[in-house]
Structure formats: structure tokens, C-alpha cells
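Me: I should like to take a close look at a single part of this protein, namely its open sheet and the elements around it. Please set out how that part is arranged and how it is placed within the chain.

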Amino acid sequence: MLNALKMLTEQTTITESQAERLLKKIKENDQIELKESSQLPKSFWESCSSFANTKGGCIILGIKEMPSNQNEIIGLANSTKTLTDLWNGMSNPNKVSFRILKNEDVFALKIHDHDILLVFVNEADRLHKPVYLNGKLEDSYIRTGDGDRKATNEELKAMFRNQNLNADIELLQYYTMDDLDPYSLHQLKTLTASRYPAQNMMAMSDEEFLIRIGAAKRNRKDNSFILKAGTILFIGKTNIIREIFPHFHLDYFEFNSDSHHRWDYRISDDDYLNSEINLLTFYEKVKTRLSAVASEPFSLDFAMQRKPDAGLTETALREALVNTLVHADYQMSDASVVIKAYSNRFIFSNPGQMLIDQDSFFSGGTSIPRNELLMSLFRNIGAAERQGYGGVQIYETALKRDWKIPDLKSTLPRTTLTIWTEGLMDLDPSLTDAEKTTLYCFLKNKEKKEHTFAELSKLTQLSEYYLRKSLHALVEKGYVEKKGAGRGITYLLR
């Protein structure tokens, strides 16, 4: 509905009836707030704060939501005064900590002589969060469902950590080499040295090696050796990690069915008495399991012949694993990293919000690691591709394998990425063979967004009857969108 509202404001000509129909049926949700007040209500600022601190949204002034019937259009008693009050408040740092609105974010409508205001609030940049009211941090709001609520202390701390990244480079004055797992240290040194043979790292002492790769530093005043927090996370002993990060927890589950009641295989830091579980040992164990579970599936080429996977699946899962471990906020009260492997999907979940938007993640080129040292250590052992391109690898693998597009959800407390190993056609048993053929041709020709009936007829080789029937069904099921009329009709994937 938010996109529908934006389209409403972007159209050069909109009829009163178009706007009325949309506003009468629209309902409040996590990105839409209706205000029935005839003036600027106090709760307007709470919604501004909550949308800015969450993922943005639209506040509609002058509409009364009717849960069971069509909304009532009330309008504003004095739209000029309402706008004046809005901009005066927005320009007052004692009212709102950061000016989150621009002129183009406020749009006026007139419906049957009723003045309506649409106020689009963009999500604030992480450097400006939390956006709070009345000069009080405790007056920071978060959007939950269709309501605004005050941010908890935990959420406020998380937003401030998002401003000041790289907790992993904190210097630990009172920790020594004895706090590191000897096996993990040797593994890190061996893998890094093999990647950079010219550095002759195996000839270095362990302390010299850690300083060389930025995992520790030497105090120039007294020549003391100081470890960094990320180094303990990466190769430390499990009980030492928990001293620094009390809520640290790593879990990997395999399920042979969709039953959530019992896992069939598990790797957890709870098993640290058998061997130390830190980020490096967890990564190595889980990577091995993912490679086995993925079992390099096959997909169909355009001639409906099977083609080999060529390692794409394993690489995509490895990138997802590294992203999950690197971007986790290990200072959260729920600092558990959880990875689940099912027969048709893999779920990667970590504490903390992703610091770039979803489009940037999947298009590549932009990276804001929460833990720069951890990212560097993973790159040193060859576990990550170019920084900022892991999401591209995951997305392109899904396209090449004809899988359902990966699902990414990121909120302040948690980020979850689901990588499907089934396509849309596998996930919907209601599709007929003709519908699958038609949908397959859309998926294989994504570079051309819109197709005419004649083009689809040539691609699918279906009769006119079956193609029309298939297109009608795919439109009804929400897979395909129909645009235009008459001879100008085109079809495109939703």
C-alpha cells in the first residue's frame, strides 16, 4: 500500500475518485498511519520518530480508519495552519532531534472539499538514529505492527552501536595469548600464510603474526602486547569469549523435515568442552556441513536439459555464512547466531540490523561491515569474496539455479536471510504444466521485463488457447502482472 500511495503522488494527473478509492480502503500497518484529527495531533510526532527509527512510512492526516467498513474522510479544519505547525516543529531541534522531512515529502490532496495531507517519512540514516522528541532520548519511538511504542534501553543502545561500529577493534588490556585457542591460532596462521607466501608469516612469532594482520598491537610506551576484541571472537577460547560478550551463542541445525520440534544434527558453542568453539572453528565445521547438505544440485537449461552446478551453491552458502558471522552484533542481549538447513532452504540469522539497504546488498559495491576486523580475518583465510559482493553472489546463484529469490528481512534486533534451493514452480504444486512452462520462460528472460503475447507464444511454443489460459491463471495467482489494453497488452513478472 505504501507504494500505491507513492504512485498516487507521482502521477501527473490523478482523479479525485482514484485518490478517494485508495484512501477509503487503506489500513494501518507497519508503514502506514492514519490520523483522524482535523489538526496536527501530538501523536503525529511520535509516528514521525517511529517511522524514522524503523523503515519509514506514510502518515495520512484527515482520515479516520474504520476497521470493518470503508475509512471516513474527515479532512483538516485548516490545512494551512497544520502545515505551518508541521514545519515549525520540524525546524525546531527541541521538538525533533533531526529534520527528517523535506518539502517533497509532504503532499496535499483535496477530496470533496476535504483537505488531506500525505506525509512520507523516510528511514533516517544510522548516523542520525535514534530520532527522538522534546530533547529527550527516552522519547524515541519504534514502529511495531500498526502502532508506535517507545524504544527500550536495549534498542537505544543498539542504535548507538550502529552509529559507532567496529566494537571488534576494542583493545583488551588484560588478556594474553593464553586466552586464545592454540589450534585456532595455528589454523589462522597457516591459512593466512598460504594466501600471502611473500610475507613469510610462518617464520614470525605468534605475537608478531597477530600484530602484522591487525589482530593485536604493541603499546609504544611500555612495549606491552594488546589483543583486540575481534581476535578473541575469532580464535579465542569459548569461556573467554563469554567473559567479553556474555550473550555470545552460535548454533547450526539440520532438519530432515520441516518439523521444528527436533533437529537431526547440531553444532553449538554449548559443545565447547569437546573442542573450543569460536568464529573460526564454527565457520569451518558449518562450512563442511553446508557443502555436504547442499550436495551440488542441478537445474535445467533453456533446452530443459540438466546442467551442473559448478560450485555455485557452495560458494553462495559460504558467503551467507561469512556475512552472518561478520555483521552480527555480539553485544545484543540476544546475541545468538542461528543457522538452519532444511531440504529446500537455508536460513541465516544474526543479531543486529543490516547497515545497508536490501537493494544495495543484492546489487553489490556497497559494504558497511559491523566488524571490520572480523571481515579482514575472514578475507585473509580466503573465506570471503570481494567486500561488498557477497550479496551479489547469493542473488546471482539463485537466478542461475532458477530458485526463488532469496528473502532478506532486517530489523533493529535481527537480520535473517533465507536462501531457497527450490524454484517458484517447485514451491507451488497448484501450477499446471503449461503454467510452469510459461513461468519458466519469464524467469529465463528476466533481462526483458515486459513481453507481448506474440513473444510469449514463440518462447513457450504453447497453443494460443493454453497460453491465454496460463497467463490468466498466473495473473490470478499473483506471479504475473498484465499491463495495457487491446493490442498494447504486455505481461511481466511481479
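Reply: The following account begins with the whole chain, turns to the sheet, and ends with the surroundings.

The model is predicted. The chain has 494 residues, of which 48% are buried. Its secondary structure comes to 18 helices and 22 strands. The C-alpha atoms fill a box of roughly 80 × 65 × 45 Å, taken along the principal axes. Among contacts between residues at least 6 apart in sequence, 64% join residues at least 24 apart.

The sheet itself comes next. Strands of a sheet pair through backbone hydrogen bonds, and the pairing may be parallel or antiparallel. Here, four strands form an open sheet in the order β1-β2-β6-β5, and the pairing is mixed. The edges are taken by β1 (32-35) and β5 (106-111). Each of these two strands has a single partner, so one side of each is left without a neighbour in the sheet. From one strand to the next, the twist averages 20°.

One pair within the sheet can be followed in detail. Strand β2 (residues 57-61) and strand β6 (residues 114-121) run antiparallel and are joined by five bridges. L61 stands opposite L117, a residue of β6.

Two helices lie across strands of this sheet. Helix α3 lies across β1, β2 and β6, and runs at about 165° to β2. Helix α4 (residues 79-90) lies across β2, β5 and β6, and runs at about 20° to β6.

Helix α3 also leads to another part of the chain. The buried residues of α5 pack against α3 (43-53), as well as against β8 (136-144) and β9 (147-150). In α5 (residues 153-163), these buried residues are E155, L156, A158, M159, R161 and N162.

Helix α5 in turn takes part in the largest pocket. This pocket holds about 1,100 Å³ of space. The elements that give two or more residues to its lining are β8, α5, α12 (358-363) and β19. The lining comprises 32 residues, and T54, K55, E123, Q353 and S410 lie nearest the centre of the pocket. By type, the lining divides into ten nonpolar, ten polar and twelve charged residues.

Rolling a probe the size of a water molecule over the atoms shows where empty space is left. Besides the pocket, the structure holds two cavities of 30 Å³ or more. The second largest cavity has a volume of about 30 Å³, and its lining is formed by K287, L290, S291, E314, L317 and R318. Helices α10 (279-294) and α11 are the elements that give two or more residues to this lining.

Two loop residues complete the account. H327 is placed in the loop between α11 (312-326) and β17 (336-341). This residue counts as buried because its relative accessible area is 19%, and the cut-off for buried is under 20%. Leaving aside neighbours within four places in sequence, H327 is in contact with N350, P351, I368, P369, R370, N371 and M375. K404 is found in the loop between α14 (390-400) and β19 (407-410). With a relative accessible area of 29%, K404 is partly exposed. The C-alpha atoms of K404 and W420 are separated by 5.9 Å, while the two residues are 16 residues apart along the chain.

Technical notes: Residues are numbered from 1 along each chain as its sequence is written. This is a predicted model: local features need pLDDT of at least 70, side-chain atom pairs count only at pLDDT 80 or more; totals for chains, interfaces and linings use all residues. Side-chain values use heavy atoms; hydrogens and water are left out. Buried means under 20% relative accessible area, exposed over 50%, partly exposed in between (1.4 Å probe, protein chains only). Contact means heavy atoms within 4.5 Å. On a 1 Å grid over the protein atoms alone, a cavity is a set of points where a 1.4 Å probe fits but cannot get out, and a pocket is an open set with protein on both sides within 12 Å along at least five of seven lines; lining residues have an atom within 4 Å of a point. Grid points are joined across faces, edges and corners, and a volume is the space filled by probe spheres set on the points. Ala, Val, Leu, Ile, Met, Phe, Trp, Tyr, Cys and Pro count as nonpolar, Asp, Glu, Lys and Arg as charged, and the others, Gly among them, as polar. Two strands pair if DSSP finds at least two bridges between them. Axes are lines fitted to C-alpha atoms, for helices over the stretch in contact, and angles run from 0 to 180 degrees between N-to-C directions.
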